[in-house]
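Biologist: I should like a close look at a single part of this protein, the surroundings of the ligand. Please describe them in one connected account.

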Amino acid sequence: MPRIPINIQEGKIQEESKASEIIVGIDLGTTNSLIAFVKDGQPNILKEHGKSGLVPSIIHFNDNGEVVVGNEAKEKLSTYPERTIYSAKRLMGKSIHDLENYVDGLGYTIIGDEKDEKLLKVKVDDKFYNPITLSSKILSALKIKAEALLDQKVTKAVITVPAYFNDTQRQATRQAGKLAGLDILRIINEPTAASLAYGNGIDLDVVENIAVYDLGGGTFDISILHIERGIFEVLSTHGDTFLGGDDIDIAIANYWIETYSIDTLAFSDLKYLAEAAKIHLSTNSIFKSQVNDIEITLDLKQFETLCNPIVQKTLQSCQQALNDSKLDKSAINKIIMVGGSTRIPLIKNAVANFFENDVYDAINPDEVVALGAAIQADILAGNRKDILLLDVTPLSLGIETVGGLMDTIIPRNSKVPIGAGRNYTTSIDGQTNLKVSIYQGERDLVKDNRKLGELLLKNIPPMPAGIPKIEIKFMLDPDGIMTVSAEELRTQTKTSITLQSQYGVSEEEMAIMLLDSINNAEADMQSRSLQEAKTEAVMIIQSSHKFIKQNQSWLSELEINTLKDYLKLIENFLKEEDKDAILQGLENLNTFSRPLAEKALDKAVEQNLSGKSIL
Ligand code: AMP
């Protein structure tokens, strides 16, 4: 249905209330995860004496369906690749469509319905696990570890996410926490957390602009911050949730396959070997190994050639973040390196060259994010009053308008929390429902952005087209998670709305998952998507009949009959409960009716303009 944007209003909402008990900071990483907590004012990584605090973000399901996480799971990676899930974070909030080139060679099976964007599951034996469930397994393991080492219950946490995570991915992270029995008090961006760890204890008189370059296993983020009198203000952020050390490993493995025609080793094993080569080459000039009877090598020069495209992509993001911050390179005082991949000398040098400054890597890049999360947890616990964090939203938020265009309501790099609204109106006389599709992203056409959900405003009092004044408000909380509200302002009717997350899990689904098994059979998935298709079809049939009735004065007989034929077809498919046919029928109807809907809009506008102006 067409919609007309009219004006913008902005306002602010307040920070949430403080908590008082021990709150841990969790870095839920693609490759490794870790927990930190503040003791005597200082952030510490939670670890057993003499051991690393890193918990590999790997989940193994054994024959009996039991789950192990961490080092124990990592040991199973090469022997049971199909039951051992790594990089689950890369799957968070994604559809099968997003993963096109990624699913091959993973070792485990990802399934999804090509036609249904919402479904993405990992299949182990006859069970299906969604990425939220998988991440919750890691968080559960971290919780248990923290409780054992701290000798007390841990129920509250601050968790970090890549700055470039969208709303769906943030919601998925929060849901994973909930499933693990953790109340996620705040989600903060990884580079922002790193800057907190770096800035902990620095002189309050210091005024600095810093760049945090964060290249981990699966994601890349760059943030530019301004620090002054304890206020950490994020000026801009950019990145890629599908770029990291993993890509270097894949590039090396592919290079070996091409060079040595290796076809006897599973890709996951070769990738494992590639990671070893990468780490070796961070301090050595050549890597050699044996695959079956073939000697394979990788020298530093070739390694750097393979890394280069990935490094260049990160530098493009750096430039974009600098542009958005409106600062010149020369205004950046410090460059902080975060993430395991920044151990590669080529990367350190490339970043130093780009910013024309030395890079700062004094804090262990594996630990710096979790340490920052612990500081934020300490702030929320009410123990720190000297630091204030002002973060931004990485991606623009808006709705679809006529012609599939993106109408941005909250632009990217807006400070959070924030509320912003816009007024819309109806396009058809007597229209009582308004369906709004919500998107996140920077492209002009919504089809190139991420759909977050739909908002259905019901029970608008019947009025001529263009007369209702419907305010749609977006509220972004400090975690970067959005809620939406709507009100028809002329009649002050606050009407019910539903915002359904496209890729996440609804509250009802969460309850079911919490109660019984977290495994959904394929049949369940099919029936859910059939149900959704049916609901949509019923709604569209109703509104189409209304459309015909309201516009019969100018619709031709052929147009009316064709519309009715399409509707009859869909009704038949509904009876047959054929999901694919229903969706195809709806698409055909949409293709045919879109020009008619636009014509109806033009007519409504014409009518309104003759005699009165639109609002
Ligand atoms: P993170 O997501 O921050 O834990 O980073 C994990 C990534 O860092 C993985 O791709 C690792 O292979 C990579 N990594 C860890 N240590 C090194 C190293 N010494 N040299 C190169 N890459 C490393």
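Modeller: The account below begins with the ligand and then turns to an open sheet and two points of backbone geometry.

The model is predicted, so to speak of a local feature requires pLDDT of at least 70 and a side-chain atom pair counts only at pLDDT 80 or more, whereas totals for chains, interfaces and linings use all residues. Residues are numbered from 1 along each chain as its sequence is written, and side-chain values use heavy atoms, with hydrogens and water left out.

The ligand is surrounded by 14 residues, a residue being counted if one of its heavy atoms lies within 4 Å of the ligand. The closest are Gly-217, Glu-275, Lys-278, Ser-282 and Gly-340. Distances between N or O atoms are given here for three of these residues, with a polar contact defined as a pair of such atoms within 3.5 Å; within protein, one must be able to donate a hydrogen and the other to accept it, and residues adjacent in sequence count only if both atoms are side-chain atoms. In the side chain of Glu-275, an N or O atom is 2.5 Å from an oxygen atom of the ligand. For Lys-278, a polar side-chain atom lies 2.7 Å from a ligand oxygen atom. Gly-217 takes part through its backbone, where a polar atom is 2.8 Å from an oxygen atom of the ligand. On its own the ligand has 500 Å² of accessible area, of which the protein covers 86% (Shrake-Rupley method, 1.4 Å probe; for residues, only the protein chains shown count as cover).

By class, the shell holds 8 polar, 4 charged and 2 nonpolar residues; Ala, Val, Leu, Ile, Met, Phe, Trp, Tyr, Cys and Pro count as nonpolar, Asp, Glu, Lys and Arg as charged, and the others, Gly among them, as polar. Two or more residues of the shell come from each of α5 (245-260) and α6 (267-280), and α6 gives the most, with 3 residues. Helices (H or I, at least four residues) and strands (E, at least two) are DSSP runs numbered from the N terminus.

Elsewhere, an open sheet of 7 strands with mixed pairing runs in the order β20-β19-β14-β15-β16-β21-β24, where strands pair if DSSP finds at least two bridges between them. β20 (359-360) and β24 (415-416) are the edges; each has a single partner strand, so one side of each is left without a neighbour in the sheet.

The peptide bond from Val-416 to Pro-417 is cis, with omega near 0°. Asp-40, although not a glycine, has a positive phi of about 50°.
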